[in-house]
Amino acid sequence: AMSAGLVEYSSSEEEEEAGGSRGGGAQGPPGSSSGRPRLPAPAGLPGDPDPEEAANDDSSQHGGRIRGFPHERGNWATHVYLPYIAQEEFLELLELLVSRARTYVPSVAAMEEFHLSLSQCVVLRYHWIEPFVRSLRERLAAFHRFFCVADQVKVYTNQNKTRTFIGLEVSAGHFQLLELVSEVDRALEEFDLPTFYKDPSFHISLAWCVGDLSGKLEGQCLQELQDIVDGFEDSAFLLRVQWEQIRCKSGNKYFSFPLR
């Protein structure tokens, strides 16, 4: 049994869809490399490798992240998730939440990409990517679009407690998400990869910081963040999400599975 709010697992948040400020051949969208300095966008899972990154373990290069397993060429960090496209109002809400959280933990930074994870970050050998994607495509083909409500602010830490996240937990749509995960799990099992967490807390991560700062973000801070969400003008509309596609990122490659 775990204490509420502090969930013993990596919340696979820091998907870096822009493809990598750290080099390694991933192409970001045009304009993603504007010369402004920025926090290293977290990539992969906290403590997990970036297979497209050279085997450089200088932790200052990746926001203080420590690798949970050694980098090996030919290993591709792979993650299955539902992408969340942030509207302008969502970014306004995010700004309010981050600035309030910073009054408790100044190092809190907003995510640059948003998604809801359906798998852990797992390591696939290069030659397994295509068959894995094919298996996913077959298993997910029958699923229809559906809605979720993600409106409960919650604090998470990754497994090795090197990072803390503020997320919006799903309060409606949990059953459909479990159905998706069971199919993703079956594809993972075919390749002897770890399945998703039992009793997962589905959520969209909003912000993160290095270290275990859950003690400072829970309690009073968490209540204030929830009050901001509950009082936000567009939140009922904004936090009711219709999922239209599932995505799989493997290294710097993206695969999309449209929902019917």
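These are my notebook entries on a predicted model of one protein chain.

**Entry 1: getting my bearings**

I started with the overall count, and the protein chain has six helices and ten strands. Its length is 260 residues, and buried residues make up 52% of them. I also looked up how far along the sequence the contacts reach. Among contacts between residues at least 6 apart in sequence, 77% join residues at least 24 apart.

**Entry 2: how far to trust it**

Next I checked the confidence scores. The protein chain averages a pLDDT of 81, and 72% of the residues score at least 70. Residues 1–67 are another story, with a pLDDT below 50. That stretch still has 167 contacts in the model beyond near neighbours in sequence. Note to self: where pLDDT is low, the predicted coordinates should not be read in detail.

**Entry 3: strand β1**

I moved on to β1, which covers residues 75–83. Is β1 buried or exposed? Nine of its nine residues are buried, so the rest of the structure largely encloses this strand. The cut-off I used for buried is under 20% relative accessible area. I then went through β1 one face at a time. One side holds Asn75, Ala77, His79, Tyr81 and Pro83, the other Trp76, Thr78, Val80 and Leu82, and all of them are buried.

Which strands pair with β1? I found these, each antiparallel to it:

- β4 (residues 122–125) pairs with β1 over four bridges. Threonine 78 has valine 122 as its bridge partner there.
- β3 (residues 115–117) is joined to β1 by three bridges. Here proline 83 is partnered with histidine 115.
- β9 is joined to β1 by four bridges. Tyrosine 81 has arginine 247 as its bridge partner in β9, and valine 80 stands opposite cysteine 248.

**Entry 4: strand β9 and its hairpin**

I followed the bridges across to β9, residues 245–250. This strand is mostly covered, with five of its six residues buried. Besides β1, I found β9 pairing with β10 (residues 253–258), in the antiparallel sense and over six bridges. One of the partnerships to look for is serine 250 with lysine 253 in β10.

How many residues sit between the strands in the hairpin of β9 and β10? I counted two. Glycine 251 takes a positive phi near 60 degrees in this hairpin.

**Entry 5: two aspartates in one loop**

After that glycine I went looking for positive phi values in residues that are not glycine. Aspartate 192 has one, at about 55 degrees. Aspartate 199 has one too, at about 50 degrees.

Where does aspartate 192 lie? I found it in the loop between α3 (174–190) and β7 (203–210). Aspartate 199 also has its place in the loop between α3 and β7.

Then I asked why each one counts as exposed. The cut-off is over 50% relative accessible area. Aspartate 192 has 71%, so it is exposed. Aspartate 199 is at 74% relative accessibility, so it counts as exposed as well.

**Entry 6: arginine 100**

I picked arginine 100 next, which lies in helix α1 (residues 88–102). Its relative accessible area is 32%, so it is partly exposed. What does arginine 100 touch, leaving aside its neighbours within four places in sequence? It is in contact with Glu224, Leu225 and Ile228. I looked at the glutamate in particular. Arginine 100 and glutamate 224 are 124 residues apart in sequence, and their C-alpha atoms are 7.9 Å apart in space.

**Entry 7: the second largest pocket**

Last job: a pocket. Rolling a probe the size of a water molecule over the atoms shows where empty space is left. The second largest pocket has a volume of about 340 Å³. It is lined by 14 residues, and the closest to its centre are Tyr84, Ile85, Gln87, Val241 and Gln242. The elements giving two or more residues to this lining are α6 (235–238) and β8 (240–243). Which element gives the most? That is β8, with four residues.

I also sorted the lining by class. I got eight nonpolar, three polar and three charged residues.

Notes:
Residues are numbered from 1 along each chain as its sequence is written. This is a predicted model: local features need pLDDT of at least 70, side-chain atom pairs count only at pLDDT 80 or more; totals for chains, interfaces and linings use all residues. Side-chain values use heavy atoms; hydrogens and water are left out. Buried means under 20% relative accessible area, exposed over 50%, partly exposed in between (1.4 Å probe, protein chains only). Contact means heavy atoms within 4.5 Å. On a 1 Å grid over the protein atoms alone, a cavity is a set of points where a 1.4 Å probe fits but cannot get out, and a pocket is an open set with protein on both sides within 12 Å along at least five of seven lines; lining residues have an atom within 4 Å of a point. Grid points are joined across faces, edges and corners, and a volume is the space filled by probe spheres set on the points. Ala, Val, Leu, Ile, Met, Phe, Trp, Tyr, Cys and Pro count as nonpolar, Asp, Glu, Lys and Arg as charged, and the others, Gly among them, as polar. Two strands pair if DSSP finds at least two bridges between them. pLDDT is the predictor's confidence in each residue, from 0 to 100.
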